Structure formats: structure tokens, C-alpha cells
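Visitor: Please take one part of this structure and go through it closely. I would like to start with the aromatic rings and work outward from there.

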Amino acid sequence: MKIFVFKNGKPAGRPGSGRASVAPGASPATRPAPTSEDERKVQSAGPAKDLAKSVKKDKLPEIVTKMPEGKFKEFAKVAVDLGKQYGMPELANLAIMLCVFMGRYAHLIDRIPGNYRKSLNEGDLAKEKFSVKQRERLTKGIPEDYEGFNALYKSYNSKTKLNASTASTLFVSYTLFGSQGDINHLTNHKVLAARLAHESSYKDSTLISLKRQKIIPKGTVIFFSKNVKSGVIAAYATGNRQEFKYFVPGRKDPEIFQLDGADSPIKSELNLLAAFVPTTLSEKKSSEFAQEELAISKLEKEVEVQMKNKNITEKYEKIAEILSPALQKVNEEIKQDPKREELIGRYFEIISGVLSELEKDIRKMENSNKPVDPKLRALIMKFKKYI
């Protein structure tokens with residue numbers, strides 16, 4: 001007859017079975033059954049359990065945060081979210097590792113002709129534009145020395161160790177904006193390339209087109225990849241024949257090469273990922289163009305301030321006073337230089353916005369049976385004439 005000894009209503013062990021009872025507070029020899037849904041997920045995750053543990057609410061795994069900005073990092077974030085939402089850490093881990101691999105070797109995909117340039121108009125890159133201050137500095141000319149860059153490089157490198165790609169991008173950023181003033185410099189080559197792609201004072205070019213020119217315009221910016229293993233390097237033209245300069249860590253001075261020279265790292269279209277050449281406007285006109293952009297931005301702020309005025313008639317009369325002389329001035333400039341026609345679009349956007357708000361205010365007054373000042377209706381006709 002088998003006898004079981006019970007303690008506190010539970011079996012304490014079977015005599016002769018060799019099994020020791022587990023005393024209260026002692027650690028069990030085997031892993032206890034999971035007591036919560038979270039524990040069950042972690043225990044079933046296998047090799048992916050560490051990833052699952054690190055994927056906390058509003059927190060990304062370190063491997064994802066260290067990825068370079070781009071679509072593959074965004075894909076990795078989505079994989080993390082899906083893994084948390086559906087409790088599938090193994091699949092999330094696999095998807096993340098795939099994104100990390102693709103992100104690390106994205107430059108291989110960029111080497112397919114046209115792919116790099118195409119990517120500059122996709123996702124968040126499509127929204128990239130130079131700030132007003134950056135655009136203003138574009139016209140100041142390339143610095144004569146690199147003392148400012150050395151200090152800039154040390155500052156950026158102390159925060160995040162720069163590699164060949166980020167260092168060369170910072171160097172080109174320095175040549176475009178200088179180091180004076182409150183300027184945000186760039187280290188992400190795709191952000192810089194996207195902003196150049198969306199800048200009206202720059203235009204696209206090709207390797208064939210550049211090589212045909214005896215003197216490549218000073219300030220031309222190119223992005224190239226030396227070989228399959230190298231990252232993307234940014235360089236700028238000095239205006240000395242087909243000379244380009246770029247900077248990489250470990251070198252005291254910038255690297256120099258002639259695009260058509262035997263030492264050129266760009267042998268074919270596969271090496272040149274994108275090229276942006278300053279437009280044919282003279283330096284003086286480019287400077288004036290930048291000043292006009294600043295003037296438009298100033299107008300926008302002045303209009304925003306007036307829109308807060310509670311006196312409706314006074315508000316729109318003052319806005320008309322602000323916009324009228326500015327429009328007359330820009331119309332005269334367009335006659336002298338058709339390229340400035342792009343600027344008029346910015347003015348039209350401001351006026352269209354004001355006109356829309358004016359019409360809304362008049363409708364509100366009519367709906368509430370309030371008398372509408374005849375001056376407001378006259379202002380509608382005035383703003384429409386501007387457009």
C-alpha cells in the first residue's frame with residue numbers, strides 16, 4: 001500500500017521515491033510555470049527573448065537606435081511595434097535583423113544607377129529643405145582656410161565619432177555655410193543631398209556632363225562611393241579646373257583629386273551617386289535671391305502678428321499695407337530677371353491665406369447678422385487683384 005504524506009493539505013513527497021519536498025522559501029530545482037502573460041511570452045521567445053525584454057513601451061532596442069537614419073530604420077521601428085502588438089518576438093527579431101543588414105549595406109542598393117537620386121524624393125527626405133539661415137549662407141562663398149573646420153570637426157567628433165561618410169558631409173556642410181553664426185551643420189549625407197536636390201539655386205548633373213566642362217563651377221557638390229565596401233563620400237568643386245576636395249578622418253588636410261585625372265575615385269556612373277551644380281545666376285544675383293527669401297519670411301511673420309488683431313477691419317487694412325509695396329517691388333524685379341518668378345509664388349501663398357481668412361470672417365459676420373464694413377469687401381477685391 002502506497003502512503004502519501006500531506007503537509008498543509010499538499011503532498012510533501014512520496015516515501016521511497018527519492019524526491020525531496022520543497023521547503024517554503026527554498027529555490028525550486030526547475031523553472032516555475034509562468035505566472036503572467038508577459039512571462040509566458042518571454043519564456044517562449046527562445047533566442048529572441050533578450051530582444052523581447054528590451055522592447056519596452058516607447059523604447060527601442062539599442063541595435064535599432066544605432067541604425068543610420070533612413071527607410072530601413074523606419075521599417076525596423078515598425079517591426080518592433082508589430083512584435084509588441086502581436087507578441088511575436090521571434091518574427092520581430094528576424095525582421096529587425098534584416099532591416100539592420102539592409103540599412104548597413106544600403107549603399108549597395110544606392111549604387112544601382114538612379115536609385116540614390118530617386119531616394120531623395122521619398123519618405124521624410126522628400127521634405128528636407130535648407131533653413132533660411134543655411135540658404136543665406138550658401139551665397140557667402142567657400143572659406144579661404146580650414147581653421148574653422150578643424151574646430152567644428154573636433155566639436156562634432158567629441159559627441160559622436162565621425163566616419164568617412166559623416167566627416168566628409170560635415171566638411172562640405174562647412175564649405176557651404178562656414179562656421180560663423182548660428183548654423184546647424186549636417187553629417188548625414190542623404191539629408192544634405194536631399195536639401196541640395198530641393199534647392200532652387202542648384203540643379204542636377206551627371207558624370208558625362210561634368211567631365212565635358214573644362215572648369216566645373218565652384219561649389220558643385222557630388223556624392224560618390226569609391227567601391228562596394230566604402231560608404232558614401234561628399235565632395236565639393238573648388239573652381240580649379242575639375243578639382244574636388246573632401247575630408248576623411250585620419251588625414252590632416254583634405255583629399256584632392258581631378259575628376260578627369262588618373263587618381264580620380266570616380267571611374268564610372270556607378271561611382272557617382274548624385275551631383276548638384278550651382279545655377280548660372282551670378283553670385284550677386286544669388287545673394288539678392290537669398291535676401292528676397294529672407295524678406296518673404298519676414299513678411300510671413302508680420303502677417304501672422306496682424307492676424308491676431310481683434311479689430312477685423314484694422315487687421316486686414318494693415319496686412320494690405322504690408323503686402324502691397326512688397327508685391328510692387330517683386331513684380332519689378334521679375335521684369336528684370338525672369339528667374340525670380342519663383343518668388344512670386346511665395347507671395348501668392350501668403351495672400352491666398354489672408355484672402356481665405358477674410359472671406360471666413362465676412363461669412364461669420366453675415367451669419368450672425370452683424371454689419372459688414374464696406375472696407376472689408378473692397379479689400380477682398382484688392383487681394384484678388386494681387387493674385
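Guide: The structure, which is a predicted model, holds 14 aromatic pairs. One of them joins Phe171 and Tyr236, with ring centres 5.8 Å apart and planes at 50 degrees, a tilted arrangement. Phe171 belongs to helix H10 (residues 164–177) and Tyr236 to strand E5, so this pair ties together parts that are 65 residues apart in sequence. Both Phe171 and Tyr236 are buried. The two rings are also members of a cluster, in which ring pairs link Phe149, Tyr153, Phe171, Tyr174, Tyr236 and Phe247.

Tyr236 leads to the strands. Strand E5 covers residues 233–237 and pairs with E6 in the antiparallel sense, over two bridges. The bridge partner of Tyr236 in E6 is Lys245. Between E5 and E6 there are five residues, and the two strands form a hairpin. Gly239, in the turn, has a positive phi of about 90 degrees.

E6 also has a partner in strand E7 (residues 255–258): four bridges join E6 and E7, and the two run antiparallel. Lys245 appears here again, standing opposite Ile256 in E7. Lys245 is thus a bridge partner of Tyr236 and faces Ile256 as well.

As for burial, strand E6 (residues 243–246) is covered on both faces. Glu243 and Lys245 lie on one side, Phe244 and Tyr246 on the other, and all four are buried. A lysine and a glutamate are therefore among the buried residues of this strand, since buried here means under 20% relative accessible area.

Back in E5, the strand also contains Ala234. Ala234 is buried, and its relative accessible area is 0%. What is Ala234 in contact with, leaving aside its neighbours within four places in sequence? The contacts are Ser168, Thr169, Val172, Ile222, Phe223 and Tyr246. Of these, Ser168, Thr169 and Val172 fall within helix H10, residues 164–177, the helix that also carries Phe171. Ile222 and Phe223 fall within strand E4, residues 221–224, and Tyr246 within E6, residues 243–246. Asn188 is 46 residues from Ala234 along the chain, and their C-alpha atoms are separated by 10.0 Å.

Another ring has a charge as its neighbour: the charged end of Lys159 sits over the ring of Tyr156, at 5.8 Å from the ring centre.

Some figures for the whole chain give the setting. The secondary structure amounts to 16 helices and eight strands. Of the 387 residues in the chain, 39% are buried. When contacts between residues at least 6 apart in sequence are considered, 63% join residues at least 24 apart. The chain exposes about 23,500 Å², of which carbon and sulfur atoms supply 53%.

Confidence varies along the model. The mean pLDDT of the chain is 75, with 68% of the residues at 70 or more. Among the elements, strand E4 has the highest mean pLDDT, 96, and helix H2 (residues 49–54) the lowest, 41. Over residues 1–31 the pLDDT is below 50, and this stretch has 10 contacts in the model beyond near neighbours in sequence. Residues 34–57 are also below 50, with 27 such contacts.

How values were computed: Residues numbered from 1 in each chain as written. Predicted model: local features only at pLDDT ≥ 70, side-chain atom pairs only at ≥ 80, totals over all residues. Heavy atoms only, no water. pLDDT = per-residue confidence, 0-100. Contact = heavy atoms within 4.5 Å. Buried < 20%, exposed > 50% of the residue type's maximum accessible area, 1.4 Å probe, protein only. Pairing = 2+ DSSP bridges. Areas by Shrake-Rupley, 256 points an atom, 1.4 Å probe, with all protein chains shown as cover. Phe/Tyr/Trp six-rings, centres within 6.5 Å; stacked < 30°, edge-to-face > 60°. Lys NZ or Arg CZ within 6 Å of the ring centre and 35° of its normal.
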